[in-house]
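Trainee: Please take one part of this protein and go through it closely. I would like to look at the salt bridges.

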Amino acid sequence: MKEYHVPKKVAFLVAAEGIEQVELTDPWKSVTDAGHKAVLVSPEAGEVQMFHHLDRADTKPVDVVVAEAKVDDFDALVLPGGVANPDSLRMDSAAVALVKEFVEAGRPVAAICHAPWTLVEADVLKGRTVTSWPSLQTDIRNAGGTWVDERVVLDGNLITSRNPDDLPAFCAALMEALEHGAAGTSADVPEAAAEAAQSTA
């Protein structure tokens, strides 16, 4: 019999456009399929524009604006990638402050592809080990972090992955963190996440 779990509330923080669609929709589906609530948070009300690389894709309605989002209302934060999305977010002081609060509160924070740019701006990477799209590695090192080339990296409450090909491992690690809390380090990668990572090899 499946163990009963209390539904969690997960914030997905994005800018108004430039979001890599699959990096938002795949984790979103994992969260909602497991019975949790996904909430789209953005600096402005209305809809956000997602992309397939450089081509416009679907839009998605904003649920909560950054100014009204409170860390205490959520159990975890997901930061999708896309080049323009995190580049815009890191110029928004309220969005950066919200990311910093999530990290410092110890809640799971999952960032994929270019999304760790926002972690750099929030100044939360000192002494942390993360991965990302390869072009961010110098920024991460300059922010005091250690960059590694792995599908999914767990460091305390931070979950990071490199690109859309890593989404199975990324989503598995996110779900494990929602169910059981932050995993600690990549040495503690849960079995489900490890299996997902191997399946993408």
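Mentor: What follows deals with the salt bridges, after a short note on the model and its overall make-up. This is a predicted model, in which local features need pLDDT of at least 70 and side-chain atom pairs count only at pLDDT 80 or more, while totals for chains, interfaces and linings use all residues. Residues are numbered from 1 along each chain as its sequence is written, and side-chain values use heavy atoms, with hydrogens and water left out.

The protein has seven helices and 13 strands; these are DSSP runs numbered from the N terminus, a helix being H or I over at least four residues and a strand E over at least two. Of its 201 residues, 50% are buried, where buried means under 20% relative accessible area, exposed over 50%, and partly exposed in between, with a 1.4 Å probe and protein chains only.

A salt bridge here is a side-chain nitrogen of Lys or Arg within 4 Å of a carboxyl oxygen of Asp or Glu. By this rule there are eight salt bridges.

One of them joins Lys29 to Asp33, with N to O at 2.6 Å. Both residues belong to helix H1 (residues 21–33) and sit four residues apart, about one turn of the helix. Asp33 has 55% relative accessibility, so Asp33 counts as exposed.

Another part of the chain holds a linked set. Asp149 and Arg162 form a salt bridge in which the closest N and O atoms are 2.9 Å apart. This pair links distant parts of the chain, 13 residues apart: Asp149 is in the loop between strand S10 (146–147) and strand S11 (152–156), and Arg162 is in the loop between strand S12 (158–161) and helix H6 (167–180). The two partners fall into opposite classes of accessibility: Arg162 counts as buried because its relative accessibility is 17%, whereas Asp149 counts as exposed because its relative accessible area is 53%.

Arg162 also meets the side chain of Asp166 in a salt bridge, again with a value of 2.9 Å from N to O. In this second pair, both Arg162 and Asp166 are buried. Taken together, Asp149, Arg162 and Asp166 are linked in a network of salt bridges. Arg162 takes part in the bridge to Asp149 and in the bridge to Asp166.
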